[in-house]
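I opened this structure to make a first set of notes. I wanted a record of what I looked up, entry by entry.

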Amino acid sequence: MTTVSFLDVASAARWVARRGPERVVAALTDALATDFARWPELDKRARVASHSRDGVIELMPAADDVTYGFKYVNGHPRNPARGYQTVTAFGVLADVHNGYPTFLAEMTLLTALRTAATSALAARLLARPGARTLALIGTGSQSEFQALGMRAALGVTHLRAWDTDPAARAKLVRHARALGFHVHEATSAEDAVTGADVVTTCTADKTNATVLTHDMVTRLAHPGVHVNAIGGDCPGKTELDPRILADADVYVEYEPQTRVEGELQQMPADFPVTELWEVVAGRAPGRDVTGRPAGVGEPFERRAGDRVAPDASRVTVFDSVGFAVEDWTTLRFVRDDVPPDLLRQLDLVAEPADPKDLFSLVSDLDEGAGGTRPGGGAVEQGALDRLMGLRGRGRSGALTGA
Ligand SMILES: NC(=O)c1ccc[n+]([C@@H]2O[C@H](COP(=O)([O-])OP(=O)(O)OC[C@H]3O[C@@H](n4cnc5c(N)ncnc54)[C@H](O)[C@@H]3O)[C@@H](O)[C@H]2O)c1
């Protein structure tokens, strides 16, 4: 019998707690680098989004020759005010050779981990070496994971945190101090950005907001700041002053999707960007890499063609929207890493002994009470209705009476 391994929320949380969230993000960052380096081999497409007044529900598929996967995820910025989370998710893996699902997992926690890992991967390639101070604008669900990702990738030690919601700020400060960060609870976004080496914007607001202005980046942040913009991820939902992009080197996950969903939606259609995988694979330059530890696709300097690596004073922007390959990598990583005691087996694949006799799964059961069925079993009227997919008064009665 084929079963599907299932990782529920409680077990995912136990796995992360046992392994340590920072170590999980660091390991995931390496797993992402491995998959980004083989990007051209992967089956990729922009996600399918269903927009409504309150938010968006998205399906995000990706595959290689062996494994298919997708994530279901929502984004509803006004949810917390109603007691719900902004983002929830689950994901599935399947075998490409027969299409059978093999793994099902919660992905709300996993999305936070993979988003932090993707940010970390970008920062590893784009932030100035020696970056120690991270400004966090938006201190909701993603924020602690983002901070840990930047510590794992860059050695960040200091956080400057701002959120319009004082309770969210206090929550971040509490968690981050317990995690060993030096935390400055900022009084404004400007205060948060002052002196920062990396700025992560992770606000949730379904509007074209300006969380970060050009002036804040050029005048208040450290020269050569790396901007990790993750909250602008839907049409009509952005965080950055477009002049920041105009004056920066901009990196994206999957250009066709980011043009529609990212900060990039504010820019002309021919505004130049680099896909992050190109840097990982050594086809495009990231920040000048002197003194940086080698990554998967190194050395990118020697194969970077005529594109110029941003120097220490250049602003870099990672315009992140979240891409399916990141979830697919995460699901495969988790499937292979989580110990069996944290998994349950689900009977999710209907699998008759004769692959052409699906009906046998139903007809071989003796669930009904009352009537008789061929072979001596009992079939009640309601069960017969359900079996035949009939609705309405007297339909099966009419049929059986005929
Ligand atoms: N790029 C990606 O891969 C990716 C992945 C996950 C989530 N996201 C996006 O990141 C954002 C944050 O997600 P979350 O789960 O942490 O949401 P959340 O609702 O838990 O937190 C968002 C926080 O932003 C704050 N905020 C809103 N407007 C602000 C402003 N102008 N200035 C300062 N703070 C402000 C809110 O008070 C809230 O605390 C969402 O927009 C989500 O869609 C992107």
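The entries below go from the whole chain to the ligand, then to one sheet and one loop residue.

**Entry: confidence.** I noted that this is a predicted model. I looked up the pLDDT of the protein chain and found a mean of 90, with 87% of the residues at 70 or more. I then checked where it drops. Residues 374–380 have a pLDDT below 50, and I found 19 contacts for this stretch in the model beyond near neighbours in sequence. Residues 386–402 are also below 50, with 11 such contacts for that stretch.

**Entry: the chain as a whole.** I looked up the secondary structure and got 14 helices and 18 strands. The chain has 402 residues, and buried residues make up 43% of them. I also looked at contacts with a separation of 6 or more: 67% of them join residues 24 or more positions apart.

**Entry: the ligand.** I looked up the shell and found 30 residues around the ligand; Thr86, Gly140, Ser141, Ala168 and Gly322 come nearest. I sorted the shell by class and got 12 nonpolar, 14 polar and 4 charged residues. Helix H3, residues 108–126, supplies at least two residues of the shell, and strand E12, residues 208–212, also supplies at least two. I then asked where the ligand lies with respect to domain 1 and domain 2. Domain 1 covers 4–109 and 329–346, and domain 2 covers 115–322. Both give residues to the shell, so the ligand lies between them.

**Entry: a sheet.** I traced an open sheet of 8 strands and wrote down its order as E10-E9-E8-E11-E13-E17-E15-E16, with parallel pairing. Strand E10 (182–185) and strand E16 (274–275) are the edge strands, and each pairs on one side only. At the E10 edge I looked up the pairing with strand E9, residues 158–162: the two strands run parallel and 4 bridges join them. Within this pair, His158 stands opposite His182 in E10.

**Entry: Gly99.** I picked a loop residue next. Gly99 lies in the loop between strand E6 (89–95) and strand E7 (101–106). Is Gly99 buried or exposed? I found 9 C-beta neighbours inside 10 Å, and a residue with 12 or fewer is exposed, so Gly99 counts as exposed. I also looked up its distance to Thr67: the two are 32 residues apart in sequence, and their C-alpha atoms are 9.0 Å apart in space.

Methods: Residues are numbered from 1 along each chain as its sequence is written. This is a predicted model: local features need pLDDT of at least 70, side-chain atom pairs count only at pLDDT 80 or more; totals for chains, interfaces and linings use all residues. pLDDT is the predictor's confidence in each residue, from 0 to 100. Two residues are in contact if their C-beta atoms, placed from the backbone, lie within 7 Å. A residue is buried if 20 or more other C-beta atoms lie within 10 Å of its own, exposed if 12 or fewer, and partly exposed in between; C-beta atoms are placed from the backbone. A residue is near a molecule or strand if its C-beta atom, placed from the backbone, lies within 6 Å of it. Ala, Val, Leu, Ile, Met, Phe, Trp, Tyr, Cys and Pro count as nonpolar, Asp, Glu, Lys and Arg as charged, and the others, Gly among them, as polar. Domain bounds come from an automatic or database domain assignment. Two strands pair if DSSP finds at least two bridges between them.
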